[in-house]
Amino acid sequence: MRNNGKPRAARVLFAVRRYLLFFFSLSFVITCCMLLFLHNMAGTGEVIFTETGIRHAAWITFGNVLFLSLVCTVIDAVQRKFTVERPVRRIVQAADKMMKGDFSVRIRPLHGADGQDGFDEIISCFNKMAEELSGTETLRTDFIANVSHELKTPLAVIKNYGVMLQQPSLPEAQRLEYAKAMSDAAGRLADLISNILKLNKLENQQIFPQKQVYNLGEQLCGCLLAFEGVWEEKQLQIDTDLQEGVYVETDAELMTLVWNNLFSNAIKFTDPGGSIFLRLKTQGPQAVVQVTDTGCGIAPEVGKHIFEKFYQGDASHATQGNGLGLALVRRVIDIVGGDISVESEIGKGSTFTVKIRRKESEAV
């Protein structure tokens, strides 16, 4: 629906122009008929008002009316051909192309911005629909291609190591190493499928937030401690600064998904011996969480796409993830009505900032 004034003014102007066209056309026809009638009456001389003179003038006028009606019919047919049949044919042809899978088709408007009619509105809606379908089809194609690629990689690893495990002379140490590689690949495959299912439910609004009031600082500590074994293995330094008594009212399970993904990425992209910083503070009515790492950083062109599905800016770490984590994070934040942003510098690390509305106290 158009609420702005310009299209409405254009429609009014177009209606006025059509009214004037009909007004002058009808005025011309009626005036011609009256003039012909009076001319024929005057042409009979002294018998201008006799029955024969009037009948003669009437028949001649009737013949002229038939002729003018024929001319108007031809003009109307020509007009309909250009104003009705042509746009209908163009719309039907474009719709037929779309039904055959060509979503790149677009229809040119019939009039300019100052002369739009109903067909122009239909064409505008059709073009918007075609654009949306084109984008959806592109996403679907990319999604299938990316899923196929992500599935093939761990399956290939499992297959190759499975073949090598069949060697009877394989040392026990190598057998354990190959078995662990297969287990890791199977885990990545399971995570990929799990994330795809979660993202699909989120995007199709099949998951509804179950709001509850809870202490955000305690949730952050619990999620971070779940990665203790990983950060100790990489000898990372963990620095936390959590403001006490910060409560939020949102879906705890969904927010756990957010924190787990952010912590996992921070640990993954931070080299051994690096540092990870976790901050929690209040800022007006919002609770602000910052997760900072001293990893490889994100280039500006990568940062524009970092929340897109299957996008992986750092190919060297691609085997550790599937490019769906941050897409899940973005979707969850959108659902709970929060905000997420990233600041990064190549070689110095990244900071992810999440803002969600907080509760003044733990009371519901």
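In this predicted model, Lys 100 sits out in the open, with a relative accessible area of 68%, which makes this residue exposed. Its partner is Asp 96: the two form a salt bridge, and their closest N and O atoms are 3.3 Å apart. Asp 96 is a bit more tucked in and counts as partly exposed, at 33%. The idea behind such pairs is simple: side chains of opposite charge can pair when their charged atoms come close.

The structure holds 4 salt bridges in total. Another of them brings together the side chains of Asp 239 and Arg 279, at 3.5 Å from N to O. Asp 239 belongs to strand S2 and Arg 279 to strand S4, so this bridge ties together parts that are 40 residues apart in sequence. Asp 239 is partly exposed, at 29% relative accessible area, and Arg 279 is also partly exposed, at 24%. Then there is the bridge between Glu 249 and Lys 359, again with 3.5 Å between N and O. Here the pair links distant parts of the chain, with Glu 249 in strand S3 and Lys 359 in strand S7, 110 residues apart. Glu 249 has a relative accessible area of 33% and Lys 359 has 23%, so each of them counts as partly exposed.

Away from the charges, nonpolar side chains come into view. In soluble globular proteins, nonpolar side chains tend to be buried together. The largest nonpolar core in this model has 37 residues, and Leu 216, Trp 259 and Phe 263 have the most contacts inside it. Helices H5, H7 and H9 and strands S4, S5 and S7 each supply at least two residues of this core. The largest share, 10 residues, comes from H7. Leu 216 shows how such a core is knitted together: among the residues it touches are Val 246, Trp 259, Leu 280, Val 289 and Ile 356. Apart from this core lies another one of 11 residues, including Ile 91, Phe 119, Ile 123 and Phe 126.

Aromatic rings pair up too, and the count comes to 2 aromatic pairs. Tyr 161 and Tyr 178 make a tilted pair, 5.1 Å centre to centre with 45 degrees between the planes. Tyr 161 is in helix H3 and Tyr 178 in helix H4, 17 residues apart. Tyr 161 is partly exposed, at 24% relative accessible area, whereas Tyr 178 is buried, at 13%. The other pair, Phe 227 with Phe 263, is edge-to-face, at 6.5 Å centre to centre and 80 degrees between the planes. Phe 227 lies in the loop between H5 and H6 while Phe 263 lies in H7, so the pair ties together parts that are 36 residues apart in sequence. Both of these Phe residues are buried.

Helix H7, residues 252-268, also holds Asn 261. This residue is buried, with a relative accessible area of 13%. The C-alpha atom of Asn 261 is 7.2 Å from that of Val 329, although the two are 68 residues apart along the chain.

As for disulfides, the count comes to 0. The sulfur of Cys 221 is 9.5 Å from the closest cysteine sulfur, in Cys 223, so the gap is too far for a bond. Cys 221 is partly exposed, at 36%, and Cys 296 is partly exposed as well, at 29%.

One last oddity concerns Gln 235, in the loop between H6 and strand S2. Its phi is near 55 degrees, a positive value in a residue other than glycine. Gln 235 is exposed, with a relative accessible area of 62%.

Terms used. Residues are numbered from 1 along each chain as its sequence is written. This is a predicted model: local features need pLDDT of at least 70, side-chain atom pairs count only at pLDDT 80 or more; totals for chains, interfaces and linings use all residues. Side-chain values use heavy atoms; hydrogens and water are left out. Helices (H or I, at least four residues) and strands (E, at least two) are DSSP runs, numbered from the N terminus. Buried means under 20% relative accessible area, exposed over 50%, partly exposed in between (1.4 Å probe, protein chains only). Rings of Phe, Tyr and Trp (its six-membered ring) pair if their centres lie within 6.5 Å; planes under 30 degrees apart count as stacked, over 60 as edge-to-face and the rest as tilted. A nonpolar core is a set of buried Ala, Val, Leu, Ile, Met, Phe, Trp, Tyr and Cys residues joined through side-chain atoms within 4.5 Å. Contact means heavy atoms within 4.5 Å. A disulfide is a pair of cysteine sulfur atoms within 2.5 Å. Lists of a residue's contacts leave out its neighbours within four places in sequence.
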